[in-house]
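Please look through the structure shown here, following the chain from its secondary structure to its sheet and then to its surface.

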Amino acid sequence: MPDAADVPGAPIVSCAEECGVRDVQDRLGDKWTVHVVVELAAGPRRFKELQRLVEGVSQRMLTFTLRRLERDGLVSRQVYPTTPPQVEYSLTETGHSMTHLIKQLIDWSLDHRSTIARSREEWDARHAADAADAGHPA
């Protein structure tokens, strides 16, 4: 019997049963984590600098994201005793190890973005025609 890894389309890993990684995967899948980690991969950043670099993130969401990443041990927060206090965020060793996965995801996205865009256009065209035929708005 062939190994599952040798069968095209076969899952690499199965989590049919709760395998305990969902909460970790949820962190990777949230809207802002990847953007924040990418910016911190270049080195420590202050909050306002991160807010400028992560386009579209609100102060509230950036604070929330950084706290969750800190809680997960992916980001460290350093407070400097100045007036006003300066706070700097950086990736931990575990956070840095995640950048390799993110790079692979970005590379995959770049390699496949035109194919995905074409597929979306074709799907939208098919479904717009179906909706028009049924008398429903697309």
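Read along the sequence, this predicted model follows the pattern α-α-β-α-α-β-β-α, and the chain accordingly has 5 helices and 3 strands.

The strands form an open sheet in the order E1-E3-E2, with antiparallel pairing. At its edges lie strand E1, residues 45-46, and strand E2, residues 75-80, each of which pairs on one side only. Strand E3, which spans residues 86-91, pairs with E2 in the antiparallel sense over 6 bridges, and within this part of the sheet Val79 stands opposite Val87 in E3.

The loop between E2 and E3 contains Pro84, and the peptide bond that leads into this residue from Thr83 is cis, with omega near -10°. As a general point of reference, most peptide bonds are trans.

Against the sheet one can then place helix H2, residues 33-41, which lies across E1, E2 and E3 and runs at about 95° to E3.

Turning to the chain as a whole, how much of the contact set joins residues at least 24 apart, among contacts between residues at least 6 apart in sequence? The share is 43%. Of the 138 residues in the chain, 20% are buried, where buried means under 20% relative accessible area. The chain exposes about 10600 Å², and carbon and sulfur atoms supply 54% of that exposed area.

Terms used:
Residues are numbered from 1 along each chain as its sequence is written. This is a predicted model: local features need pLDDT of at least 70, side-chain atom pairs count only at pLDDT 80 or more; totals for chains, interfaces and linings use all residues. Side-chain values use heavy atoms; hydrogens and water are left out. Two strands pair if DSSP finds at least two bridges between them. Helices (H or I, at least four residues) and strands (E, at least two) are DSSP runs, numbered from the N terminus. Contact means heavy atoms within 4.5 Å. Axes are lines fitted to C-alpha atoms, for helices over the stretch in contact, and angles run from 0 to 180 degrees between N-to-C directions. Buried means under 20% relative accessible area, exposed over 50%, partly exposed in between (1.4 Å probe, protein chains only). Accessible areas come from the Shrake-Rupley method with a 1.4 Å probe; for residues, only the protein chains shown count as cover.
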